Amino acid sequence: MKNLPEIRLRETTQNNEEINNVNLKTLNKIRKHKIGGVPDFIQSSFFPKCPKCNEEMLSYGQLDSVDGEMILGDDGMIYVFVCKHCLKTKSFCQYH
Ligand SMILES: [Zn+2]
């Protein structure tokens with residue numbers, strides 16, 4: 001299945017101040033939030049089938065852990081998929 005074009009997302013503070021490269025270095029990791037593209041699976045690749053029509057679902061995006069208050073398991077990631085035919089969605093989390 002053809003992927004959506006990849007759009008990387010940048011973290012900002014609540015006041016819309018962009019977290020700059022200096023701050024990212026202090027976080028020890030560049031977060032991988034994005035829309036589209038190929039999922040950066042932490043564990044094995046998994047492309048779910050639509051629960052309604054059984055077609056392979058399109059990777060819509062991924063949401064990385066957020067430092068501090070929202071570390072998912074051991075630095076996990078949430079993956080979101082959508083069926084282009086029925087618009088059913090599916091998400092799951094993988095972690096180290
Ligand atoms: Zn479907």
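**Notebook: strands, core and loops**

I began with one cross-strand pair and found that Gln62 stands opposite Tyr79 in strand 4. I note at the outset that the model is predicted.

**Entry 1. Overall layout**

I listed the secondary structure and found one helix and five strands. Along the sequence, these elements follow the pattern β-α-β-β-β-β. I then asked in what order the strands of the sheet are arranged. The five strands form an open sheet in the order 1-2-3-4-5, with antiparallel pairing. Strand 1 (7–8) and strand 5 (89–94) are the edge strands, and each pairs on one side only. I recall as background that strands of a sheet pair through backbone hydrogen bonds, either parallel or antiparallel.

I also looked up two totals. Of the 96 residues of the protein, 14% count as buried. Among contacts between residues at least 6 apart in sequence, 51% join residues at least 24 apart.

**Entry 2. Strand 3 and its partners**

I examined strand 3 (residues 58–64) from both sides. On one side, strand 3 pairs with strand 2 in the antiparallel sense over two bridges. Within that pairing I located Ile35, which stands opposite Gly61 in strand 3. On the other side, six bridges join strand 3 to strand 4, and these two strands run antiparallel. The pair Gln62 and Tyr79 belongs here, and I also recorded Phe81 in strand 4 as the bridge partner of Ser59.

Is strand 3 mostly covered or mostly open? I found it mostly covered, as five of its seven residues are buried.

**Entry 3. Leu63**

I selected Leu63, which is found in strand 3. Why does Leu63 count as buried? Leu63 is buried because 20 other C-beta atoms lie within 10 Å, and the cut-off for a buried residue is 20 or more. Leaving aside neighbours within four places in sequence, I found Leu63 in contact with His33, Met77 and Ile78. I also checked the distance from Leu63 to Lys34: the two are 29 residues apart in sequence and 6.8 Å apart in space, C-alpha to C-alpha.

**Entry 4. The nonpolar core**

I next asked which residues make up the largest nonpolar core. I listed seven in all: Cys50, Met57, Leu63, Met77, Tyr79, Phe81 and Cys83. Strand 4 (residues 77–82) supplies the largest share of this core, three residues. I noted as background that in a regular strand the side chains alternate between the two faces of the sheet.

I then returned to Tyr79, a member of this core. Not counting residues up to four places away in sequence, Tyr79 touches Pro39, Gln62, Ser91 and Phe92. Gln62 is thus recorded twice for Tyr79, as a contact and as the residue standing opposite.

**Entry 5. Strand 4 with strand 5**

I found that strand 4 and strand 5 pair in the antiparallel sense over six bridges. In strand 5, the bridge partner of Phe81 is Lys90. Phe81 is also the bridge partner of Ser59.

I looked next at Ser91, which lies in strand 5. Ser91 counts as partly exposed because it has 14 C-beta neighbours inside 10 Å; the partly exposed class falls between the limits of 12 and 20. Apart from neighbours within four places in sequence, I found Ser91 in contact with Ile78, Tyr79 and Val80. Ser91 and Ser59 are 32 residues apart along the chain, and their C-alpha atoms are separated by 9.7 Å.

**Entry 6. Two loop residues with positive phi**

I checked the backbone angles against a general expectation: most residues other than glycine have a negative phi.

Where does Leu87 lie? I placed Leu87 in the loop between strand 4 and strand 5. Leu87 has a positive phi of about 65° although it is not a glycine. The hairpin of strand 4 and strand 5 has six residues between the strands. Leu87 counts as exposed, because it has 9 C-beta neighbours inside 10 Å and the exposed class covers 12 or fewer.

I found Asn54 in the loop between strand 2 (34–35) and strand 3. Phi of Asn54 is near 70°, again a positive value in a residue other than glycine. Asn54 counts as exposed because 8 C-beta neighbours lie inside 10 Å.

Note on methods
Residues are numbered from 1 along each chain as its sequence is written. This is a predicted model: local features need pLDDT of at least 70, side-chain atom pairs count only at pLDDT 80 or more; totals for chains, interfaces and linings use all residues. A nonpolar core is a set of buried Ala, Val, Leu, Ile, Met, Phe, Trp, Tyr and Cys residues joined through C-beta atoms within 7 Å. Helices (H or I, at least four residues) and strands (E, at least two) are DSSP runs, numbered from the N terminus. Two residues are in contact if their C-beta atoms, placed from the backbone, lie within 7 Å. Two strands pair if DSSP finds at least two bridges between them.
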